[in-house]
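User: I am new to reading protein models. Could you take one part and go through it closely, then show me what else is worth a look?

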Protein chains: 2
Amino acid sequence: MKIIIAGAGAMGSRFGLMLHQAGNEVVLIDGWQEHIDLIKEHGLRANFNGEEIAEKIVIYHQNELETLNFSADLVILFTKAMQLDAMMQSIKSMVGDQTKVLCLLNGIGHEDVIKQYVPLSNILLGNTMWTAGLEGPGKAKLFGNGTIDLQNLGTEGKSSANEVIEVLNEAKLNARYSDNILSSIYKKACVNGTMNGLCTILDSNMASFGETSVADAIVESIVAEFAQVAAYEKAELNVPEVLAQIKTCYNRETIGLHHPSMYQDLIINNRLTEIDYINGAIVRKGREYGIETPYCQFLTQLVHGKEEILGAK
Amino acid sequence: MKIIIAGAGAMGSRFGLMLHQAGNEVVLIDGWQEHIDLIKEHGLRANFNGEEIAEKIVIYHQNELETLNFSADLVILFTKAMQLDAMMQSIKSMVGDQTKVLCLLNGIGHEDVIKQYVPLSNILLGNTMWTAGLEGPGKAKLFGNGTIDLQNLGTEGKSSANEVIEVLNEAKLNARYSDNILSSIYKKACVNGTMNGLCTILDSNMASFGETSVADAIVESIVAEFAQVAAYEKAELNVPEVLAQIKTCYNRETIGLHHPSMYQDLIINNRLTEIDYINGAIVRKGREYGIETPYCQFLTQLVHGKEEILGAK
């Protein structure tokens, strides 16, 4: 299969590498010049479960695609949320009538962007538990195992979904069909919509936040807003289950002492955050649906305020 | 007049000093042993508008009052909000039927505590624009000018208010009668209820916060909650005027580069904040009056979370 990985950061590198190793014709597309140059020179390097590897995989900068002239069978979207629209614009000549587009971005509401470029029946929404890191430009750090759940967004498209699942599974990516992907996406967004913004604003790891006397009340207020918006979209959330999953983040023995990704983006690396695609998406949808979302709104505002105070870019 | 200054920190020291210099019999009461010991040894020292002075004024620890046996004519309350109840308990034997009690604490709702110890007709609520600092234990730093507005809390008590105003004015404290002290208190609380919590949570001075694109929206949401609660108590707030006053805090030429007092308490000195008596009081009152106050509630929770994460005491 001819597969475009649109956004070849840590996760895109993992997927590109594993799909390439399974014999697919993979094209990586990214916007980070130094990363692209190193992959062109040395191949995509990775520490892959402890083994140092390098694979020659085609990579392009998203601004040098004019000369390319093919339709992909599958596009897997792995950009940062705020880069999605520009990426769709860059790759649109390679998205043909038959091209399936699988969105694996964090956050919610990305289908509203993708729909402007891709017919509904070709859009697949997914949720992945795989993890990945970058050691630096051109080199990934890939440990552990994961899964992918996915579903066709349109009413037609289940057979396309199953074809994509087969390709992913040949690459050992553990994909499976979900009858309710939107609920999974909302559930994951609840974890991100609490841990990310709160630990960023409170300058805290997840355990230290979780151990405060106010953690439960704040988290419950935020999750209640997510659940109301999700319910309006017929994606029912099991709130006690979501709250229990969030609490697993507080465990000092496992991930509790880590700072969530938004903290690393903003506080460590001084980068703009994805808050508009997590809590901010709930605010936008809430406004549309007539649902009050003051906690998500205040948290979104505070994170934007922090970005500006720190001069994040 | 026999005047007890209950809470002899920076502001209490200013009032004690000026009332003592005007010939009143002033007794300072405080809970900070080192401060008390130094005042007992050297008198209350101050840099008073540039002049180094020291005045012998009686001072007691609030836990050594059992042996005292007098009723004060006037008690001026200047404790931190969370120390008010314990202070009222400590001084109650000196609060007689004729003792006027003037509350000049920051924040709102202190009358609910004072009412448990003092008849309504003897309670005066005030709001002061005087400022003061401490150079260290036993020594105040007193610059500039200020005013006091005050009013009797009960329907009776205007004549008591005027007597107290006269005593304060003999000490050049610029007191005047207010027909609507609750509005002034709420107005000041709006400034504290925005600048204090927000700059503390965002680790920012007032100018840097004020210059963010989210400042206006956040401040308007918080002030709207204060205004609804105030209106329920018939203390109408002129919202545009309050917002304009808050914006004066952003001015880099005047006070904008300063951090508000709550930031100094928590971030600099690792002390618990007065948030429960500012935004937290709005939450409590809102719950009682059936008014939604999500911004004040979330901000109160975030500040408490930050206190716990920092191990403030």
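Analyst: Here is a walk through one helix, its aromatic contacts, and then some other local features.

The model is predicted. Start with helix α12 of chain B, residues 294-310. This helix has 17 residues. From first C-alpha to last, α12(B) reaches 24 Å, close to the 24 Å expected at 1.5 Å a residue. Is α12(B) enclosed, or is it open? Of its 17 residues, 13 are buried, so the rest of the structure largely encloses α12(B). Gly311(B) follows the helix, and its phi is positive, near 65°.

Now the rings. Two numbers describe a pair of aromatic rings: the distance of the centres and the angle of the planes. Over all chains, the count comes to 9 aromatic pairs. In one of them, Tyr295(A) and Phe298(B) are stacked. Their centres are 4.3 Å apart, with 20° between the planes. This pair crosses between chains. Tyr295(A) belongs to helix α12 of chain A, residues 294-309, and Phe298(B) belongs to α12 of chain B. Both Tyr295(A) and Phe298(B) are buried. Ring pairs also build a cluster here, linking Tyr295(A), Phe298(A), Tyr295(B) and Phe298(B).

What does UniProt say about this stretch of chain A? An unreviewed UniProt entry places "domain: Ketopantoate reductase C-terminal" at residues 180-307 of chain A. In the model, residues 180-307 of chain A are 69% helix and 0% strand. The end C-alpha atoms of that stretch are 34 Å apart.

Compare another ring pair, one within chain B. Tyr295(A) and Phe298(B) were stacked, with 20° between the planes. Phe15(B) and Phe78(B) are edge-to-face, 4.8 Å centre to centre and 70° between the planes. Phe15(B) lies in helix α1, residues 10-21, while Phe78(B) lies in the loop between β6 (74-77) and α3 (84-91), so the pair ties together parts 63 residues apart in sequence. Phe15(B) has a relative accessible area of 0%, so it is buried. At 12%, Phe78(B) is buried too, because the cut-off is under 20%.

Rings can also sit under a charge. The charged end of Lys2(A) sits over the ring of Phe70(A), 4.3 Å from its centre. In chain B, the charged end of Lys2(B) sits over the ring of Phe70(B), again 4.3 Å from the centre.

Next, the enclosed spaces. There are 3 cavities of 30 Å³ or more. The largest has a volume of about 150 Å³. It is lined by 19 residues, and those closest to its centre are Leu105(B), Gly107(B), Ile108(B), His110(B) and Ile185(B). Two elements give two or more residues to this lining: β8 (123-128) and α6 (181-202) of chain B. α6(B) gives the most, with 6 residues.

Finish with the backbone. Most residues other than glycine have a negative phi. Which residues of chain A have a positive phi although they are not glycine? Asn49(A) is one of them, with a phi of about 55°. It is found in the loop between β3 (44-48) and β4 (51-55) of chain A. Asn49(A) is partly exposed, at 46% relative accessible area. Lys234(A) is another, with a phi of about 65°. Lys234(A) lies in the loop between α8 (215-232) and α9 (239-248) of chain A. Its relative accessibility is 71%, so Lys234(A) counts as exposed.

Key
Residues numbered from 1 in each chain as written. Chains lettered and ligands numbered in written order. Predicted model: local features only at pLDDT ≥ 70, side-chain atom pairs only at ≥ 80, totals over all residues. Heavy atoms only, no water. Helix = DSSP H or I, 4+ residues; strand = E, 2+ residues; numbered from the N terminus. Expected span 1.5 Å × (residues − 1). Buried < 20%, exposed > 50% of the residue type's maximum accessible area, 1.4 Å probe, protein only. UniProt positions renumbered as here; feature names shortened; annotations may be inferred. Phe/Tyr/Trp six-rings, centres within 6.5 Å; stacked < 30°, edge-to-face > 60°. Lys NZ or Arg CZ within 6 Å of the ring centre and 35° of its normal. 1 Å grid on protein atoms, 1.4 Å probe; cavity = no way out; pocket = protein on both sides within 12 Å on 5 of 7 lines; lining within 4 Å. Points joined across faces, edges and corners; volume = space filled by probe spheres on them.
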